[in-house]
Every structure is written in C-alpha cells, then in structure tokens.
Amino acid sequence: MVPTVFNIIAVVNVLAFMAFGVDKFLAKAGMRRLSEGFLLLVSFLGGSAGAALSMVIFRHKTRKPGFVVGIPVMLSLHLLLLAVLLQVPR
C-alpha cells in the first residue's frame with residue numbers, strides 16, 4: 001500500500017513530538033541536547049502540530065521567541081496548505 005499524505009504527516013508529527021520530548025529529557029538530565037535547528041527543521045517539514053503539542057505538554061521551548069512565534073506560524077501555514085490540498089479534485 002502506498003503511504004498517503006496523511007500517513008506521512010502523521011509520522012512526521014509523531015517524530016517532532018518525540019524529538020521535543022527527548023530534547024526536554026536531555027535538558028533536564030544536563031546532557032548534550034538536540035540542536036534547535038533540527039527541532040525547527042522537523043517542525044517545518046510537517047511536524048508543526050506535534051511540535052506545538054509537545055511544547056504545551058512538556059513545557060519545552062516556551063521561552064524561545066523563535067519557537068513561541070515560529071511553531072504556531074508554521075502550524076497555521078501547514079493547516080492552510082492541507083485545506084488547499086483537500087480542495088483539489090482527485
């Protein structure tokens with residue numbers, strides 16, 4: 001079965017959620033962290049919903065302006081793109 005766009009989006013969002021959770025764990029443990037660039041990249045590539053959810057649940061990256069503003073902006077753009085894609089006839 002060929003993966004659909006929705007399956008790919010779901011997987012990317014789960015990965016983004018997990019990446020933010022792992023980064024929070026590493027931060028609390030005082031260990032080397034995931035790069036902010038990686039977290040933003042996974043969010044940009046379709047994981048903005050997972051990133052936003054993890055920011056709320058883990059209370060992570062909530063003081064960083066790039067994340068507090070950037071993630072909701074990306075989420076809005078992703079939802080707009082998804083709405084447009086759903087309107088395209090098959």
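The following exercises, each with a worked solution, concern a predicted model of a protein.

**Exercise 1. Overall architecture**

Determine how many helices and strands the protein has, and in which pattern they follow one another along the sequence.

Solution. Begin with the count, which comes to 3 helices and 0 strands. Reading along the sequence then gives the pattern α-α-α. To place these elements in space, note that the C-alpha atoms fill a box of roughly 50 × 30 × 20 Å, taken along the principal axes. Finally, look at the contacts with a separation of 6 or more, where residues 24 or more positions apart account for 67%.

**Exercise 2. Confidence**

Find out in which helix the confidence is lowest and in which it is highest.

Solution. Start with the whole protein, whose mean pLDDT is 92, with 96% of the residues reaching 70 or more. Then go to the helices: the lowest confidence belongs to helix H3 (residues 65–87), at a mean of 92, while the highest belongs to helix H2 (residues 36–58), at 95.

**Exercise 3. Two packed helices**

Work out how H1 and H3 are oriented to each other, and which residues make the contact.

Solution. Two packed helices are described by the angle between their axes and by the distance between those axes. For H1 and H3, the axes come within 13 Å and cross at roughly 170°. Angles over 145 degrees count as roughly antiparallel, and H1 and H3 are therefore roughly antiparallel to each other. On the side of H1 the contact is made by Phe 6, Ile 9 and Phe 20, and on the side of H3 by Phe 67, Ile 71, Leu 82 and Leu 86. Sorting the residues of this contact by class gives 7 nonpolar, no polar and no charged residues.

**Exercise 4. Buried or exposed?**

Decide for Asn 13 and for Arg 32 whether each residue is buried or exposed, and describe where each one lies.

Solution. Take Asn 13 to begin with, which is located in helix H1 (residues 5–29). Because buried means under 20% relative accessible area, Asn 13 counts as buried with its relative accessibility of 14%. Leaving aside residues up to four places away in sequence, Asn 13 touches Gly 46, Gly 47, Ser 48, Ala 49 and Gly 50. Now turn to Arg 32, which lies in the loop between H1 and H2. The cut-off for exposed is over 50%, so Arg 32, with a relative accessible area of 78%, is exposed. The C-alpha atom of Arg 32 is separated by 25 Å from that of Val 11, 21 residues apart along the chain. For the protein as a whole, buried residues make up 27% of the 90 residues.

Conventions:
Residues numbered from 1 in each chain as written. Predicted model: local features only at pLDDT ≥ 70, side-chain atom pairs only at ≥ 80, totals over all residues. Heavy atoms only, no water. Helix = DSSP H or I, 4+ residues; strand = E, 2+ residues; numbered from the N terminus. Buried < 20%, exposed > 50% of the residue type's maximum accessible area, 1.4 Å probe, protein only. Contact = heavy atoms within 4.5 Å. pLDDT = per-residue confidence, 0-100. Axes fitted to C-alpha atoms, helices over the stretch in contact; angles between N-to-C directions. Parallel < 35°, antiparallel > 145°, perpendicular 65-115°, else oblique. Nonpolar A, V, L, I, M, F, W, Y, C, P; charged D, E, K, R; others polar.
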